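Trainee: I should like to work through a protein model by question and answer. May we begin with the structure itself?

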Amino acid sequence: MATATLPLRLLPSKTLTLSTLPSLRRSLSVAALEPRRWRLRAAAEEAPEAVEVEFVEPETEAEEKPAVPEPIEAQLAAAGAGKDADIFAVVMIGSRQYIVMPGRYIYTQRLKGANVNDQIILNKVLLVSTREKAYIGMPVVTNAAVHAVVEEQGRDDKVIVFKYKKKKKYQRKLGHRQPNTRLRITGISGYEEYPADPILDPAAALN
């Protein structure tokens, strides 16, 4: 005999008591399926048609992971990639010499008249070196130029200047912050036509 399963909670208006219905004991049986839940088995003629229900799990959107910034070394390598990769120059600003590379920044003495985001060109290039050749200026590399952008006009850390004279009751304490300029190097150009010296491989020179 085919049987169907009907939960009792779907029939709140009808209450079945097996003790008061002795004639239904043979046709009905109650079996415990889960705690606090019962299953009722009825005759085939009284059972409704079975309906198949397919449960579809809702699609969950993948959680987007926060973007992780690249290391500073990778950013500098990307900034220096291209035709200016593996190149550096020695440039003179004022009375000091600086080693510059595309994509990096340097702090120099205050450049008067320069504003933030201004593009400047440094013409006093003493040396330009690539992976294969070296362009040595005498005293400068002709037509070579270093392109830079002014990022910040600031000041150095404070330096304490203390003066003291013994037995004279004289002492002075002063603080000084030297103005500086931060430059971001964007490229090096104009050195290709200058006479170059080849760079020898150290391993080949030993052989």
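The exchange below treats salt bridges, strand pairing, the nonpolar core and backbone features.

Mentor: This is a predicted model, in which local features need pLDDT of at least 70, side-chain atom pairs count only at pLDDT 80 or more, and totals for chains, interfaces and linings use all residues. Residues are numbered from 1 along each chain as its sequence is written, and side-chain values use heavy atoms, with hydrogens and water left out.

Trainee: How many salt bridges does the structure hold?

Mentor: A salt bridge is counted where a side-chain nitrogen of Lys or Arg lies within 4 Å of a carboxyl oxygen of Asp or Glu. By that criterion, the number of salt bridges in the structure is three.

Trainee: Which residue meets Asp-86 in a salt bridge?

Mentor: Asp-86 is in the loop between α1 (72-79) and β4 (88-93), and its partner is in the loop between β8 (125-129) and β9 (133-136), 45 residues apart. Helices (H or I, at least four residues) and strands (E, at least two) are DSSP runs, numbered from the N terminus. The N to O distance is 2.8 Å, and the partner is Arg-131.

Trainee: Is Arg-131 buried or exposed?

Mentor: Buried means under 20% relative accessible area, exposed over 50%, and partly exposed in between, with a 1.4 Å probe and protein chains only. Asp-86 has a relative accessible area of 47% and is partly exposed. Arg-131 reaches 62% relative accessibility and therefore counts as exposed.

Trainee: Which residues are linked with Glu-151 in a network of salt bridges?

Mentor: One bridge joins Glu-151 to Arg-182, with the closest N and O atoms 2.9 Å apart. Since Glu-151 lies in strand β10 (residues 145-155) and Arg-182 in strand β13 (residues 179-189), this pair ties together parts 31 residues apart in sequence. A further bridge, at 2.8 Å from N to O, is formed between Glu-151 and Arg-184. The residues linked with Glu-151 in the network are thus Arg-182 and Arg-184.

Trainee: What relative accessible area does Arg-182 have?

Mentor: Within this network, Glu-151 is partly exposed at 30% relative accessibility, and Arg-184 is partly exposed at 22%. Arg-182 is buried, its relative accessible area being 18%.

Trainee: How many residues lie between β4 and β5 in their hairpin?

Mentor: Two strands pair if DSSP finds at least two bridges between them. Here five bridges join β4 to the antiparallel strand β5 (residues 96-100), and Ala-89 has Val-100 as its bridge partner in β5. Gly-94 in the turn has a positive phi of about 70°, and the number of residues between the strands is two.

Trainee: Which strands stand at the edges of the open sheet?

Mentor: The sheet has five strands in the order β5-β4-β8-β9-β14, with antiparallel pairing. Each edge strand has a single partner, so one side of each is left without a neighbour in the sheet; these strands are β5 and β14 (197-198).

Trainee: Which residue in β9 stands opposite Leu-127?

Mentor: β8 and β9 pair in the antiparallel sense over three bridges. In this pairing, the residue opposite Leu-127 is Ile-136.

Trainee: Which residues touch the most other members of the largest nonpolar core?

Mentor: A nonpolar core is a set of buried Ala, Val, Leu, Ile, Met, Phe, Trp, Tyr and Cys residues joined through side-chain atoms within 4.5 Å. The largest has 23 residues, and those touching the most other members are Val-100, Val-128, Val-146 and Tyr-191. The elements that give two or more residues to this core are β4, β5, β7 (119-122), β8, β10 and β13.

Trainee: With which residues is Thr-108 in contact, leaving aside neighbours within four places in sequence?

Mentor: Thr-108 lies in strand β6 (residues 105-109) and is buried at 3% relative accessibility. Contact means heavy atoms within 4.5 Å. With neighbours within four places in sequence left aside, the contacts of Thr-108 are Ile-93, Tyr-98, Asn-180, Thr-181 and Leu-183.

Trainee: Which residue does a cis peptide bond join to Met-138?

Mentor: The partner lies in the loop between β9 and β10. Omega is about 0° for this bond, and the residue joined to Met-138 is Pro-139.

Trainee: What is the phi of Lys-167?

Mentor: Lys-167 lies in the loop between β11 (159-165) and β12 (170-176), and it is exposed at 80% relative accessibility. Although Lys-167 is not a glycine, its phi is positive, at about 60°.
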